[in-house]
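Hi,

Here is the structure I promised to pass on to you. Have a look at it first, and then read on for what turned up.

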There are 4 protein chains.
Amino acid sequence: MTATQPITGTLPEIVRRDQATLLVSGSDRQGLVTDISSVLTDFEANIVSLDQYSDDPLGGNFFQRTVFTVNDFEGKREALEEALDRTVANGLGLEWQLVPSSNLKRVAILASKADHCLLDLLWRQRRGDIPMTVSMVISNHVDVANDVRQFGVPFFHVPASPDGDKSKAEQEILKLLKGNVDLVVLARYMQILSSDLLDEIGAPIINIHHSFLPAFIGAAPYRKAKERGVKLIGATAHYVTADLDEGPIIDQDVVRVTHADTASDLQRRGADVERQVLARAVGWHCQDRVMLNGHETVVFSH
Amino acid sequence: MTATQPITGTLPEIVRRDQATLLVSGSDRQGLVTDISSVLTDFEANIVSLDQYSDDPLGGNFFQRTVFTVNDFEGKREALEEALDRTVANGLGLEWQLVPSSNLKRVAILASKADHCLLDLLWRQRRGDIPMTVSMVISNHVDVANDVRQFGVPFFHVPASPDGDKSKAEQEILKLLKGNVDLVVLARYMQILSSDLLDEIGAPIINIHHSFLPAFIGAAPYRKAKERGVKLIGATAHYVTADLDEGPIIDQDVVRVTHADTASDLQRRGADVERQVLARAVGWHCQDRVMLNGHETVVFSH
Amino acid sequence: MTATQPITGTLPEIVRRDQATLLVSGSDRQGLVTDISSVLTDFEANIVSLDQYSDDPLGGNFFQRTVFTVNDFEGKREALEEALDRTVANGLGLEWQLVPSSNLKRVAILASKADHCLLDLLWRQRRGDIPMTVSMVISNHVDVANDVRQFGVPFFHVPASPDGDKSKAEQEILKLLKGNVDLVVLARYMQILSSDLLDEIGAPIINIHHSFLPAFIGAAPYRKAKERGVKLIGATAHYVTADLDEGPIIDQDVVRVTHADTASDLQRRGADVERQVLARAVGWHCQDRVMLNGHETVVFSH
Amino acid sequence: MTATQPITGTLPEIVRRDQATLLVSGSDRQGLVTDISSVLTDFEANIVSLDQYSDDPLGGNFFQRTVFTVNDFEGKREALEEALDRTVANGLGLEWQLVPSSNLKRVAILASKADHCLLDLLWRQRRGDIPMTVSMVISNHVDVANDVRQFGVPFFHVPASPDGDKSKAEQEILKLLKGNVDLVVLARYMQILSSDLLDEIGAPIINIHHSFLPAFIGAAPYRKAKERGVKLIGATAHYVTADLDEGPIIDQDVVRVTHADTASDLQRRGADVERQVLARAVGWHCQDRVMLNGHETVVFSH
């Protein structure tokens, strides 16, 4: 199976033609679940799963994710969106988003020389584990070019400018991404993106940081971990914001280490945690399971 | 704080006077979530959390747990129950159960000589971690009597009959339990209860088995684990049915072991897993988070 | 079984009359393992287990822990110590320590109002899980007094001075501890000990910090964890040094949490991690499995 | 980097020219550690790490793994082997094995259609995570051929005979393996090897079973796990013996699942555990960290 083939059989519950996901968020008040569900029921939709969360039952922030099936979804879509605008947006003052399950998110992966997170995502996409289309891989090095192209995925080399001026490389990256992707994944991409670029990309960005945040923020976390003598090392997947390593956390995990593990052992063992955590985070994002609550995430994983 | 005092402050979100949990289950069909939620909304209830699961969106078994608050719950309770009967039971053909959050479940713990699971439950009850009232502890030995009574909990000694006839002891146990408890916990109680007794108790029974089921069913699992040379040992909390160690599993967990762990090391390390798993299972049950789907459980933990 | 009874049967491999542990550390060089083992073999000792570590095989720091049995250990002890002085200290320039397995470490536990770590340690001592004698519990509150005394352990109340002057309370604590204990455990003791007191106690001190260090140093880590939106919370057991929360880490662990866990949920779930991590750290220390390598620990756990 | 290139820099501590591992096992008796170490010290070897285990200090089975460096290892090798024969084999009645660290084990991987375990091993070899040379991949299907060859590794297709007679295919496999490999890895190879083949291969065989053994022995463990309603699923790496799924266990691990995970979810999530567990087991084997104690393994991992 190549990257351009549609995902079939393996994920029938996720990518079904007449299935969609409705995300709603806003200020909590009485009766929201019923009111929102009613809109769907009016269209004879069948709710497949409903997750709901309020950070304070007495007037906090409300989040609901509803997966539903409905006969002839595309035919009814416009009317359903009008109803959502009328009832959910105008009536209840909430934000909503409707995502058909047949739409695979278009993903760009930015990588550097390290291949472990990158290959793991490509493998999972090919296997149908993560419902996404990897549209391109961009790297400031050429090391991973062959590996990427074997998956049928375009590879673009955008080297860092020798004079240290990032703006030219960023313009090139922006041109590649703009309008072409729904998600950008920094799979151990060792360059810091300027806040201008972040603003202009117009798509969410997920980064994997190779430590258990907020411990060991910044560069060389494994070396710092070895110096501090910690007994666990970890990795953190988070949305990228202008504040480095401070974005909303999607997932984290750790692995036990001992005094006998060298800094290079930590790096090797940490790589396994990094790719697991990043794959979970990207998978949840691509299934619209992650919602933002300020600088915190609400993750409706099961 | 003694066992007879009400739980206060520590669990305000669980044991609130005007809060209740509605459990609904039955055959899935279109619109159930909306229909059920509407009943609550008609009473101006505010849904605090809603969990829902269907084992097959196209006509499987449906399960919903809804926690809600409503002003003057006790005043409205009878009318709400009538509405549930009318709409949910008669109208939709589903089973429902309404549990006020102020009702702590009355729990009997049956133990033998080992104290680790027993004490852990008593500590957690005293601390307000598990919303329950431990009404009594019954044991076939007297070893734990002092410890139990220090918590203000009645201890009853029901020794096994010397002639091996269990029926007399079981009659005594039945007399103590009947009508007095909502849940029976076998906290490493080493006696097998007859199916007659199981039938007559009239309350669910949770057992902790000291292995990762279905591995090492029956007696001496740690010895068997050592003999097989496994690298993890575990524990399983399950509802008790007439089939030994075959009841619906509520929770399981494991811990890593090595060749250097002796059978008594396994026992010692396993004890920690046992009490954790049992505490989680009892806690979820007492918060009405566990529903039965045939011989499987649906656990709405978060 | 009460705290004053000797530990029997349950830990025969640890507390055997003719068994001892030899700890050796210093600069690594060729042949150390053989040279050290030879001293023991000369006394017809049988090595039960040998753990060895060097942080750099080419001239780093060397650590060896050897458990051995020898007939009539007490009779041979003086001669063995002379041989260790001659060969290991003077000959090889290493530090050594010889600990008979029959010597249970005398432990003082300092606690505040929270009982989870304290009770867990008292109970593990009673069961024989940790080879120690809890000599006393000191608290600035009286909440845990009854619980402690039921284990047969003396309880001393040393309240904080109302005028905020710690020195009087610390003098009282010092008088209680001085010469009476081999280890001090801060089991969620919420007071910071002055560096003067640390110096004078003359015994190692283990603290449990309720976060995954170095994340969330200082006060209120669960609140900070909730604010940062982390997906794991943890606990860290470390030796206490003058630098708060910077002492050598003995053990750490974490548990998964979600957006739906409130700050009080985090506290409740974290309490389980705290007592597990502290019990492991105290257990390893009491079995002489922890050695210091600068501000890092070498832990010979199996 | 291709499979035929030497592993460099990344694992200097493992594949050093003058480094070797000595494995010794047999009946325990007094002084073994010293006697064995002395042989090495006589050759001016420096012990890098020493692990030792006895399953009963009073006359059980003894196991020792010693990693050492010595100047001009190849020059001294013959004399060292003579000394080991004289002292360790004849003198102490123990078995010994000497493995130079520069010798990478030659590994054949047998696979079927599933690629997750296979690709993970090939990738770890390329990165230098596991010190091995993958000499060939054999499969009864051609699905993975391209992926394998891109790693520079020969791929051989040995289809199952259409008439169900395995002997012809097994003869072909035997011809490929015989004399060419030091280890055979069954990476989700779905065929059962005849005991004749097992005998003739003359190299240890590691299999990954997709359940937590001894639970769910045999075919379709994920389906059985779903039917039983377990809350954890796992994987087990073990040496293959004539008794299916009964061979000595090298490593096991599990992952939490819920009622909401379908059988195909279990399979997808289990795949991650399978590749982790298999990679650990193969890595430990290739570093000579696994010794056999009857039908149990002694694993000197750190």
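**A kinked helix in chain D**

Helix α2(D) has a kink of about 30 degrees, and the kink is centred on D:Ala79. Please keep in mind that this is a predicted model.

The end-to-end distance of this helix is worth a look too. α2 of chain D covers residues 73–91, which makes 19 residues, yet its end C-alpha atoms are only 23 Å apart. A straight helix would reach 27 Å at 1.5 Å a residue, so the span falls short of that.

Which residues of α2(D) are buried? They are D:Phe73, D:Leu80, D:Ala83, D:Leu84 and D:Val88. Some of the spacing will look familiar: an α-helix has 3.6 residues a turn, so residues three or four places apart point the same way. As for their partners, the buried residues of α2(D) pack against four elements of chain D: the strands β1 (19–27), β3 (61–69) and β4 (95–100), together with helix α1 (32–42). After the helix comes D:Gly93, which has a positive phi, near 70 degrees.

**Cysteines**

If you are setting up bonds, the count of disulfides over all chains is zero. Why is A:Cys117 without a disulfide? The closest cysteine sulfur, in A:Cys286, is 15 Å from the sulfur of A:Cys117, and that is too far for a bond because a disulfide needs the two sulfur atoms within 2.5 Å. A:Cys117 also counts as buried, with 1% relative accessibility.

Chain C gives a matching case: C:Cys117 is in no disulfide, and the nearest cysteine sulfur, that of C:Cys286, lies 15 Å away. C:Cys117 counts as buried as well, at 2% relative accessibility.

**How chains A and C are related**

A turn of 180 degrees and a shift of 0.1 Å along the axis lay chain C on chain A with an RMSD of 0.1 Å. The two copies are therefore related as by a two-fold rotation axis. In chain C, the C-alpha nearest the axis belongs to C:Ala215, at 2.3 Å from it. Both copies use the same surface, as 100% of the contact residues of chain C recur in chain A.

**Domains of chain A**

The domain assignment splits chain A into domain 1 (19–100), domain 2 (104–198) and domain 3 (204–302). Taken over C-alpha atoms, the centres of domain 2 and domain 3 of chain A are 19 Å apart. Their contact takes 23 residues from domain 2 of chain A and 22 residues from domain 3 of chain A.

Best wishes

Methods. Residues are numbered from 1 along each chain as its sequence is written. Chains are lettered from A and ligands numbered from 1 in the order in which they are written. This is a predicted model: local features need pLDDT of at least 70, side-chain atom pairs count only at pLDDT 80 or more; totals for chains, interfaces and linings use all residues. Side-chain values use heavy atoms; hydrogens and water are left out. Buried means under 20% relative accessible area, exposed over 50%, partly exposed in between (1.4 Å probe, protein chains only). Helices (H or I, at least four residues) and strands (E, at least two) are DSSP runs, numbered from the N terminus. The bend at a residue is the angle between axes fitted to the seven residues ending there and the seven starting there. Contact means heavy atoms within 4.5 Å. Copies are superposed by least squares on the C-alpha atoms of residues with pLDDT of at least 70 in both. Domain bounds come from an automatic or database domain assignment.
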